[in-house]
Amino acid sequence: MIARKCLGLCRHSAPSGRGKLCARTYSTSAKRHPVHPEHLCESVWSRVPKGPMDPILGVTVKFLADSAPNKLNLGVGTYRDENGHSYVLPCVREAEARLHQQDIDHEYTCIGGAERFNNLAASLAFGETSPLILNRQIATVQTLSGTGALHIGADFLKSWLPNLRYIHYSTPTWGNHIPICLGSQLEPKRYRYYDSVNIAIEEDNMLEDLNDAPSSSVIMLQVSAHNPTGIDPSRELWKKISEVCKTKKHLVFFDLAYQGFATGNTDNDAWPIRYFVEQGHLPLVSQSFAKNFGLYGQRVGALHVATANPTEAESVKSQLELIIRPQYSSPPIHGARIVSTILGDPVLKNMWKKDVRHMADQIKNIRQLFVSQLKQAGSTRDWSHITKQIGMFCYTGLKEEECRDLAELYHIYMTLDGRASIPGISKNTVGYLADSIAKVTHYQ
Ligand SMILES: Cc1ncc(COP(=O)(O)O)c(C=O)c1O
């Protein structure tokens, strides 16, 4: 036993005056025990309850805790190679090699990110020859990936549209849209989108809801490869959406998280933004480079706010920077340098376009293989929606109970709404997955 002096970092030391140590001693066998156990501070956190797990990232937590060798994670939307390993795009490898040879520093970048990156990002979303770009009407800031762009965008809307209460989202939408909206003291409202019986968009209902929304509402529209449904509007429908939004003076907030994943062509996938601009809309665009550059953890993204003229664009940009500064001062530099190196070099940009097409094609191949394996496993259910849907996710139609059974009995993890990340399936695992699904759905 050792006699130790309490370090006094506790409420008992208070009466002896500020800064004075509690002089009580105590005995302990522990070598290190800085505070007498009786003198431990009363925690101010004792009433903090444990929060619920994130519905998407929580799937990965459960997956990691499972020690089964045949476990499968179909929860998180990351592209995998054909062996199920994480994938670094060849153009990214090349850009990193080039950066490595340069004498790069690690200085802070500007609050809104580097101008070169911002210009390249805007061109990719709006098109190089967009009048908004040529006339310098877009305020762009680099953000912490797509999530950061949505968040800064929502904060900006809340700050400068004081009467705004809602952002309107599709039913269903990406789970994180809602907490992002609430985090900016706005409320999410829903417009009808997905018809699960016909695996299609409820066009008339969607248009009706947009039309019924109060004038000057903010409408969030996913540009391509809709998450989680995998169903995008046709160009005909986009035209009607544009018309309703214009008539109702709605402000469109585009979420561009999967440019290239719908058709394999990055310009085709950005068509809705460019069409809306042609029609006179001045949208906000949240842009992510997580999926189409495979730069998930680098957190590279941009927020673009289209304005009426260069003076407005400058003012808006300055306000976006005022929002960013107290939150994280300035964005990270490495991922943005990779993106700029690729988009700023015609050879690398071409290589990137091929890499994106490769990922999109692979996803389509896996969809087909998945359906044929389900048939082979004896499932009689109609799975044709799996090949009708596009992009990274498949809205399988599996019920919550079936998803739970897949996890508990077969170590296959996906979100409980039945959304499965297609690149999480490989040639080696598709047979096991199909067999397991056939079993939990009782071959129906
Ligand atoms: C629809 C949608 N928007 C935005 C994001 C943001 O992703 P990140 O913050 O990784 O760029 C995601 C990611 O899954 C998404 O699915």
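**Exercise 1. Place His281 and describe its surroundings.**

Start with the chain: His281 lies in the loop between helix H10 (271-278) and strand E11 (284-288). Helices here are DSSP runs of H or I with at least four residues, strands are runs of E with at least two, and both are numbered from the N terminus. Bear in mind that this is a predicted model, where local features need pLDDT of at least 70, side-chain atom pairs count only at pLDDT 80 or more, and totals for chains, interfaces and linings use all residues. Residues are numbered from 1 along each chain as its sequence is written, and side-chain values use heavy atoms, with hydrogens and water left out.

Next, is His281 buried or exposed? His281 is buried, because its relative accessible area is 8%. The classes are buried under 20% relative accessible area, exposed over 50% and partly exposed in between, with a 1.4 Å probe and protein chains only.

Finally, look for a partner: the side chain of His281 makes a polar contact with the side chain of Ser242, at 3.1 Å. A polar contact is a pair of N or O atoms within 3.5 Å; within protein, one must be able to donate a hydrogen and the other to accept it, and residues adjacent in sequence count only if both atoms are side-chain atoms.

**Exercise 2. Work out how the ligand is held in view of its neighbours.**

Step one is the shell. Of the 14 residues around the ligand, Ser145, Thr147, Asn227, Asp255 and Ser288 come nearest; a residue counts as near if one of its heavy atoms lies within 4 Å. The shell divides into 5 nonpolar, 6 polar and 3 charged residues. Here Ala, Val, Leu, Ile, Met, Phe, Trp, Tyr, Cys and Pro are nonpolar, Asp, Glu, Lys and Arg charged, and the others, Gly among them, polar. Helix H5 (residues 145-160) gives the largest share, 4 residues.

Step two is the atom pairs. A ligand oxygen is 2.6 Å from a side-chain N or O atom of Asn227, and a ligand nitrogen is 2.6 Å from a side-chain N or O atom of Asp255. The protein buries 92% of the 380 Å² that the ligand exposes when taken alone, by the Shrake-Rupley method with a 1.4 Å probe.

**Exercise 3. Find the unusual backbone angles.**

Begin with the background: most residues other than glycine have a negative phi, and most peptide bonds are trans.

Now the peptide bonds. Thr171 and Pro172 are joined by a cis bond with omega about -5 degrees, and Pro172 sits in the loop between strand E5 (166-171) and helix H6 (177-183). Asn227 and Pro228 are also linked in cis, with omega near 15 degrees. Pro228 belongs to the loop between strand E9 (218-222) and helix H8 (235-247).

Then phi. Which class does Ser145 fall into by accessibility? Ser145 is in helix H5 and has a positive phi of about 60 degrees although it is not a glycine; Ser145 counts as buried because its relative accessibility is 1%. For Ser216, phi is near 65 degrees, and the residue lies in the loop between helix H7 (203-212) and E9. Ser216 counts as partly exposed, because its relative accessibility is 44%.
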